Amino acid sequence: MSIIQLKHLRKSYDSNLVLKDINLDIEAGQIVGYIGPNGAGKSTTIKILCGIISEFEGSATVMDIDVRTNPLAVKQIIGYIPEQAALYEVLTPTEYLRFSGKLYNMNDQAIATKTTELLRLFDLHDKAHTRMTNFSKGMKQKVLLISGLIHNPSIIFLDEPLSGLDANAVILVKEILSQLKAAGKTIFYSSHIMDVVEKISDRIIIIDKGEVKADGSFNELQSNAHLGSLENIFTALTGNSNQQQNTANEFINVLKS
Ligand SMILES: Nc1ncnc2c1ncn2[C@@H]1O[C@H](COP(=O)(O)OP(=O)(O)OP(=O)(O)O)[C@@H](O)[C@H]1O
């Protein structure tokens with residue numbers, strides 16, 4: 001069953017066309033890695049699917065709900081972990097998670113119990129009542145992850161969920177995503193960490209300049225491209241490794257000049 005659908009999606013910011021006719025059908029119960037260079041249009045796609053951006057052409061549905069006309073209904077059934085650690089830093093994690101839980105109509109007891117347990121599992125229990133103003137990027141990212149998952153949604157959108165996390169936390173989040181998938185959740189996420197995308201995704205979609213360049217399982221992409229790692233496939237489709245070497249040389253030459 002198709003649970004996320006994009007048909008002829010186009011999006012412009014003023015005269016800048018950043019998504020050019022994206023068509024996607026995502027099956028329930030899959031982990032989908034949505035990757036592309038900086039500025040390719042990943043966050044814009046995710047924000048449209050989460051009902052945050054309403055001005056676009058074409059159609060976008062999540063569980064058959066039209067995200068343009070019914071964004072609130074979509075927000076109620078999904079989990080969204082945004083790109084930057086954009087949270088209310090003046091709050092403590094406990095206050096912030098209570099705020100998030102309330103938005104999802106969770107009861108006080110459930111919010112309190114889950115907050116304590118989930119902060120403990122992310123090694124943040126001793127910071128539960130500390131304002132987040134001086135939290136590191138990774139600490140804020142952990143709070144955002146809990147906030148997007150606390151209501152146990154069946155569809156989860158994550159925009160660079162591993163950003164700022166240390167190696168141990170990356171392993172933990174990878175495992176959490178795999179177990180959420182095993183529990184039947186649908187996960188659509190963007191990331192720049194190719195080896196993680198390669199390992200955990202059932203399906204990988206590569207976009208560049210607002211267009212889909214490749215779409216399939218890692219094995220399918222690999223057998224089409226004959227290039228070994230996902231990093232090599234990514235570079236071949238969206239850049240040019242020789243060109244990057246030249247750019248690096250030029251960069252160093254400018255530094256030396
Ligand atoms: N609010 C905005 N107003 C104008 N242009 C925007 C806005 N948001 C994004 N853009 C532009 O849209 C394009 C796609 O941006 P987007 O953030 O979707 O890319 P991305 O693939 O998520 O990039 P990154 O990997 O760097 O996070 C970029 O050219 C960006 O400058």
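Student: What makes helix α1 (residues 42–49) stand out in the shell around the ligand?

Tutor: Helix α1 gives the largest share of that shell, 3 residues; a residue counts as near a molecule if its C-beta atom, placed from the backbone, lies within 6 Å of it, and helices are DSSP runs of H or I with at least four residues, numbered from the N terminus. This is a predicted model, in which local features need pLDDT of at least 70, side-chain atom pairs count only at pLDDT 80 or more, and totals for chains, interfaces and linings use all residues. Residues are numbered from 1 along each chain as its sequence is written.

Student: Which residues surround the ligand?

Tutor: The ligand is surrounded by Tyr-13, Val-18, Gly-36, Asn-38, Gly-39, Ala-40, Gly-41, Lys-42, Ser-43 and Thr-44.

Student: How do you know that β9 and β10 are paired, and in which sense do they run?

Tutor: Pairing requires that DSSP finds at least two bridges between two strands, where a strand is a run of E with at least two residues; 5 bridges join β9 to strand β10 (residues 211–216), and the two run antiparallel, so the pairing criterion is met. Asp-208 has Glu-211 in β10 as its bridge partner, and β9 and β10 form a hairpin with 2 residues between them, where Lys-209 in the turn has a positive phi of about 45°.

Student: What is the sense of the pairing between β3 and β9?

Tutor: Strand β3 (residues 31–35) pairs with strand β9 (residues 203–208) in the parallel sense over 4 bridges, and Gly-33 stands opposite Ile-204 in β9.
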